[in-house]
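Please explain how the charged pairs, a helix and a surface patch are arranged in the structure shown here.

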Amino acid sequence: MGNKIKGDSNIQNNGDGDIISSSFNNSPTTIVNNWNLVENELSRTLIFDCLQIFNDSPIEANASYSLIDPAGLFEKLEKNYALKYKEYALVYSEDFNKIGEVIRDFNDSSSIVKKLIKVFVDGFDNENNGDENLKVLEKRVIKIIKSDERYEMQYDEKLEEFVISFILYGIYKCKILRNPNET
């Protein structure tokens with residue numbers, strides 16, 4: 001049996017190679033032991049691997065960037081009728097910020113965003129609202145990543161979370177959906 005240490009709203013059990021930390025305020029629980037790591041948020045490795053797979057896909061990165069200042073994320077989601085993704089932005093904000101950090105590790109991170117734009121534009125339907133168009137994009141990005149031979153099945157549990165966060169990053173950078181400032 002390990003030692004129990006009680007701190008500010010958490011308990012940590014130390015011993016036998018296990019560390020268990022849990023918070024009473026509904027924060028993520030992390031279990032670490034000698035054989036396994038279970039996380040409740042996206043790991044930098046998963047983000048990097050999925051971005052690498054997406055970047056290596058045969059999608060042409062020929063999209064262009066607008067020179068008009070982007071609207072705020074929530075304004076853009078509202079104006080494009082993407083209210084479900086507005087809720088996702090509240091839940092996944094840490095993850096899409098982490099994607100922004102990891103994407104900087106790539107030599108040409110703009111090609112990743114340009115490919116995301118291309119996949120979005122190719123699946124865009126004027127008859128759909130923002131949520132519907134983003135769901136199409138989500139499915140297309142998942143298919144691209146899962147079809148790569150380097151994709152690991154262990155990512156299945158977190159792939160949808162990664163893709164939603166990746167799309168939110170693209171929206172935040174004002175490369176996905178219509179920019180209300182352009183009209």
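Helices are DSSP runs of H or I that hold at least four residues, and they are numbered from the N terminus. In this predicted model, helix α3 covers residues 83-91 and includes V91. A residue counts as exposed when its relative accessible area is over 50%; V91, with a relative accessible area of 62%, is therefore exposed. V91 also contributes to a nonpolar surface patch of about 300 Å², which it forms together with F74 and L90.

From the nonpolar surface the account turns to charge. Side chains of opposite charge can pair when their charged atoms come close. The criterion applied here is a side-chain nitrogen of Lys or Arg within 4 Å of a carboxyl oxygen of Asp or Glu, and by this rule the model contains nine salt bridges.

One of these joins R44 and E101, with a distance of 3.3 Å from N to O. R44 belongs to helix α1 (residues 44-56) and E101 to helix α4 (residues 93-103), so this salt bridge ties together parts that are 57 residues apart in sequence. Both side chains retain some accessibility: R44 is partly exposed at a relative accessible area of 41%, and E101 is partly exposed at 39%.

Helix α1 takes part in a further contact through D56, which forms a salt bridge with R150, the closest N and O atoms lying 2.8 Å apart. Because D56 lies in α1 whereas R150 lies in the loop between α6 (130-146) and α7 (156-172), the pair links parts that are 94 residues apart in sequence. D56 is partly exposed, with 40% relative accessibility, and R150 is likewise partly exposed, with a relative accessible area of 38%.

Another salt bridge connects K86 with E78, where the closest N and O atoms are separated by 2.4 Å. K86 is partly exposed, with a relative accessible area of 23%, and E78 is partly exposed as well, at 40%. Beyond individual pairs, salt bridges with shared partners join R44, E101 and D105 into one network.

The final element to consider is helix α7, which follows the loop that holds R150. Helix α7 has 17 residues and spans 25 Å from its first C-alpha to its last, close to the 24 Å expected at 1.5 Å a residue. How many of the 17 residues of α7 are buried? Buried denotes a relative accessible area under 20%, and 13 of the 17 residues are buried, so α7 is largely enclosed by the rest of the structure.

Conventions
Residues numbered from 1 in each chain as written. Predicted model: local features only at pLDDT ≥ 70, side-chain atom pairs only at ≥ 80, totals over all residues. Heavy atoms only, no water. Helix = DSSP H or I, 4+ residues; strand = E, 2+ residues; numbered from the N terminus. Buried < 20%, exposed > 50% of the residue type's maximum accessible area, 1.4 Å probe, protein only. Expected span 1.5 Å × (residues − 1). Patch = residues over 30% accessible without salt bridge, like charges linked within 9 Å, V, L, I, M, F, W, Y side chains within 5 Å. Areas by Shrake-Rupley, 256 points an atom, 1.4 Å probe, with all protein chains shown as cover.
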